[in-house]
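Trainee: I've got a new model open and I'd like to learn how to read it feature by feature. Can you walk me through it?

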Amino acid sequence: HTDDGTPIEVEVQMAFQDAKSPGVAKQFYGGDYVVGGSPTVSFKYDPRDPGKETIAMAIPGDTRPGDILPVEIVAPAIAPVFRHSADEAFELDAATFYFHTLGTV
């Protein structure tokens with residue numbers, strides 16, 4: 001939880017996910033998450049420039065029984081980045097992303 005009172009910063013960055021369709025634009029519109037703790041998620045959306053990243057959004061625990069959380073990105077692939085630095089346990093069990101295929105870039 002902490003290192004002598006200082007919260008431990010955890011960052012989990014996934015590889016770019018292209019839904020087995022590289023070079024095809026997709027409209028990512030939502031995500032479901034199964035997490036323990038209170039992490040945030042942001043998305044890298046351009047593998048040629050990994051500095052391009054969305055604003056982080058808090059994940060309120062297991063989102064599967066309720067509404068999906070918005071993603072709202074149009075790109076061929078996204079790389080989710082999960083961050084956590086609170087004085088509590090953190091666990092990332094699953095992430096599901098919803099999208100519509102738009103066509104070739």
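Mentor: Sure, and let's begin with a definition: a residue is buried under 20% relative accessible area, exposed over 50%, and partly exposed in between. Keep in mind that this is a predicted model.

Trainee: Okay, so where does Phe99 fall: buried, exposed or partly exposed?

Mentor: Phe99 has a relative accessible area of 30%, and partly exposed covers what lies between 20% and 50%, so that is its class. Phe28, at 4% relative accessibility, counts as buried.

Trainee: You picked two Phe residues there. How do I describe a pair of aromatic rings?

Mentor: A pair of aromatic rings is described by the distance of the centres and the angle of the planes. Searching the whole structure turns up five aromatic pairs. In one of them, the ring centres of Phe28 and Phe99 are 5.6 Å apart with the planes at 50 degrees, so this pair is tilted. It also links distant parts of the chain: Phe28 sits in strand E4 and Phe99 in strand E9 (residues 91-104), 71 residues apart.

Trainee: And what kind of pair do Tyr33 and Phe82 form?

Mentor: That one is edge-to-face, with 6.1 Å centre to centre and 75 degrees between the planes of Tyr33 and Phe82. Tyr33 belongs to strand E4 and Phe82 to strand E8 (residues 79-84), so the pair ties together parts 49 residues apart in sequence. Both Tyr33 and Phe82 are buried. If you zoom out a bit, Tyr33, Phe43, Phe82 and Phe97 form one aromatic cluster.

Trainee: Let's go on to the core. What's the general idea?

Mentor: In soluble globular proteins, nonpolar side chains tend to be buried together. Here, the largest nonpolar core has 13 residues, and those touching the most other members are Tyr33, Val41, Phe43, Ile59, Val71, Ile73 and Ile78.

Trainee: Which strands each supply at least two residues of this core?

Mentor: Strand E4 (24-36), strand E5 (40-44) and strand E7 (69-75) do. The most comes from E7, which gives four residues.

Trainee: E4 keeps coming up. How many of its residues are buried?

Mentor: Ten of the 13 residues in E4 are buried, so you can call the strand mostly covered.

Trainee: How does a strand like that pair with others?

Mentor: Strands of a sheet pair through backbone hydrogen bonds, either parallel or antiparallel. In this model there is an open sheet of three strands in the order E7-E4-E9, paired antiparallel. E7 and E9 are the edge strands, each pairing on one side only. On average, neighbouring strands of the sheet are turned by 20 degrees against each other, direction ignored.

Trainee: How many bridges join E4 to E7, and over how many do E4 and E9 pair?

Mentor: Five bridges join E4 to E7, while E4 and E9 pair over twelve. To check the register on the E9 side, find Gly30 opposite Tyr98, then Gln27 opposite His100. On the E7 side, Gly31 stands opposite Leu69.

Trainee: What about polar side chains? What does the side chain of Thr63 make a polar contact with?

Mentor: Its partner is the side chain of Asp32, at 3.1 Å. Thr63 lies in the loop between strand E6 (57-58) and E7, and at 6% relative accessible area it is buried. Leaving aside neighbours within four places in sequence, Thr63 is in contact with Gly31, Asp32, Tyr33 and Leu69. Gly31 and Leu69 are the residues we just saw facing each other across E4 and E7.

Trainee: Is Pro60 buried or exposed?

Mentor: Exposed, at 64% relative accessibility. Pro60 is placed in the loop between E6 and E7.

Trainee: One last case: is Lys44 buried or exposed?

Mentor: Lys44 is buried, with a relative accessible area of 10%. This lysine is in strand E5, and a polar atom of its side chain lies 2.7 Å from the backbone oxygen of Pro50. Not counting residues up to four places away in sequence, Lys44 touches several others, including Gln13, Phe16, Glu53, Ile78 and Val81. Ile78 is also one of the core residues that touch the most other members.

Definitions and conventions. Residues numbered from 1 in each chain as written. Predicted model: local features only at pLDDT ≥ 70, side-chain atom pairs only at ≥ 80, totals over all residues. Heavy atoms only, no water. Core = buried A, V, L, I, M, F, W, Y, C linked by side-chain atoms within 4.5 Å. Buried < 20%, exposed > 50% of the residue type's maximum accessible area, 1.4 Å probe, protein only. Phe/Tyr/Trp six-rings, centres within 6.5 Å; stacked < 30°, edge-to-face > 60°. Polar contact = N/O pair within 3.5 Å; in protein donor to acceptor, adjacent residues only side chain to side chain. Contact = heavy atoms within 4.5 Å. Pairing = 2+ DSSP bridges. Axes fitted to C-alpha atoms, helices over the stretch in contact; angles between N-to-C directions.
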